[in-house]
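Visitor: I would like a close look at one part of this model, the place where its strands pair, and then an account of how the rest of the chain is arranged around its buried residues. Please take it slowly and keep to what the coordinates support.

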Amino acid sequence: MNRANRYLLKHFSELFSSLFFILFFITSMVFFIKIASLTAVIEMNFLELGTLYIYLLPRTLLYTLPVTFFLALTITLFNLSRENETIVLFTLGYDPKKIARFFMFFAALLSGILLITLFILIPISKELNSNFIDYKKAQAKFNIKASEFGQKFSDWFVYIDKSNDADKKYEGITLYQLPNGKEKEKLILAQKAEIHNEKGMLSLNLESGTIFDFSINELAQTNFEKMNINSKPKVAIGSIQSVREYWSDVFTDKRRAYELSFFVLIALFPMASTLIAISIGIVTYRYNRGGIYGAIFVTIGVYITLTTLLSTWYPKIAPFAVFSLMMLVSYLIYNKRIKAVF
């Protein structure tokens with residue numbers, strides 16, 4: 001790597017790290033607030049919130065890194081242009097074509113890493129995240145509290161006198177089942193009970209109790225020493241799919257097809273935007289000192305809009321169509337603003 005490349009890389013890496021920290025922090029806060037909203041439905045401690053946050057890291061990086069690369073490259077070149085340092089580089093024989101080749105290499109490397117993240121890490125992390133939430137929801141369905149009305153275990157309304165939440169042991173249990181097409185109206189009184197959970201299958205184990213069966217003409221009473229009531233939670237805890245199984249749904253599942261198309265285009269954004277970043281960033285500061293930030297936001301906005309719309313309407317061709325169009329437009333702008341001038 002020659003001195004000019006090291007000089008450019010030094011300025012670029014400094015700005016890249018600063019912008020990445022800012023954007024990563026903002027994106028992380030958005031995801032963390034989304035995670036924290038789950039505490040309204042399920043109970044989680046800080047360690048479990050941290051676990052969910054780690055599962056979302058690949059997605060956070062996929063959103064953050066492409067935009068950071070584009071912003072850092074554009075602003076770095078603009079700052080160098082403002083100090084007339086790009087003119088010095090061009091005078092010494094380091095033309096814009098070499099800058100384009102140099103940063104296109106890093107853009108291709110970053111896009112490759114992001115595609116690996118998309119195809120391998122995101123399916124794994126998403127499955128782990130989904131199963132973790134399902135497990136916590138299943139747990140929430142049998143967090144029965146003492147002296148509270150309206151609680152349910154499967155089809156049974158439950159009331160208990162005393163509870164030990166840590167061991168899932170209870171005393172003074174009353175269960176009531178409304179009549180339905182298959183079952184009569186029932187009432188169960190038991191002295192003790194325990195809840196067991198094995199892979200999402202719940203079992204309420206009762207001890208020393210009485211069952212009352214109600215009908216129009218009679219009341220039946222049955223005493224028991226031990227009885228188990230089994231229940232399967234409504235939220236099933238699924239097995240983790242392999243990466244191949246996860247993406248195999250892309251041909252049948254519209255949501256999965258959109259997800260693949262959208263994230264592929266996000267991963268390719270560094271390559272698609274490198275020439276535009278150079279075209280926006282390299283200017284003659286005396287004559288072109290404004291408009292850089294507007295051009296940045298327009299570029300990002302147009303790319304995201306095209307990515308979202310075409311991924312929704314035509315997910316199979318959207319990656320090729322949007323990327324090819326962006327590369328063509330980038331090259332035309334680069335030829336007009338940079339190659340023809342410098």
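Guide: Strand S1 (residues 151-153) and strand S2 (residues 156-164) run antiparallel and are joined by 3 bridges, and in this pairing Lys152 has Phe157 of S2 as its bridge partner. The model is a predicted one, and the pairing should be read in that light. S2 also pairs with strand S3 (residues 169-177), again in the antiparallel sense, over 7 bridges; here Asn164 has Lys169 of S3 as its bridge partner. As a general point, side chains in a regular strand alternate between the two faces of the sheet.

These strands belong to a protein with 9 helices and 6 strands, in which 41% of the 342 residues are buried. Of the contacts with a separation of 6 or more, 64% are between residues 24 or more positions apart. The protein exposes about 19500 Å², and 62% of that area is supplied by carbon and sulfur atoms.

Among the helices, H1 (residues 3-36) has 34 residues and reaches 48 Å from its first C-alpha to its last, close to the 50 Å expected at 1.5 Å a residue. Its buried residues include Leu8, Phe12, Phe16, Leu19, Phe31 and Ile35. Leaving aside neighbours within four places in sequence, Leu8 is in contact with Leu77, Leu80, Leu89, Tyr94, Ile99 and Phe103.

Leu8 also appears in the largest nonpolar core, which has 59 residues, and is listed with Leu62, Phe70, Ile99, Leu118, Ile278 and Tyr303 as having the most contacts inside that core. H1, H3 (57-82), H4 (85-91), H5 (96-140), H6 (243-248), H7 (254-281), H8 (292-313) and H9 (318-339) each supply at least two residues of this core, and the largest share, 16 residues, comes from H7. A second, separate core of 17 residues includes Phe153, Ile173, Leu206 and Ile229. In general, nonpolar side chains in soluble globular proteins tend to be buried together.

A polar residue deserves attention as well: Thr74 is placed in helix H3, and Thr74 counts as buried because its relative accessible area is 0%, where buried means under 20%. Not counting residues up to four places away in sequence, Thr74 touches Ala277, Ile280, Gly281, Ile292 and Ile296. Thr74 and Thr274 are 200 residues apart in sequence, yet their C-alpha atoms are 8.6 Å apart in space.

Terms used
Residues are numbered from 1 along each chain as its sequence is written. This is a predicted model: local features need pLDDT of at least 70, side-chain atom pairs count only at pLDDT 80 or more; totals for chains, interfaces and linings use all residues. Side-chain values use heavy atoms; hydrogens and water are left out. Two strands pair if DSSP finds at least two bridges between them. Helices (H or I, at least four residues) and strands (E, at least two) are DSSP runs, numbered from the N terminus. The expected span of a helix is 1.5 Å times one less than its number of residues. Buried means under 20% relative accessible area, exposed over 50%, partly exposed in between (1.4 Å probe, protein chains only). Contact means heavy atoms within 4.5 Å. Accessible areas come from the Shrake-Rupley method with a 1.4 Å probe; for residues, only the protein chains shown count as cover. A nonpolar core is a set of buried Ala, Val, Leu, Ile, Met, Phe, Trp, Tyr and Cys residues joined through side-chain atoms within 4.5 Å.
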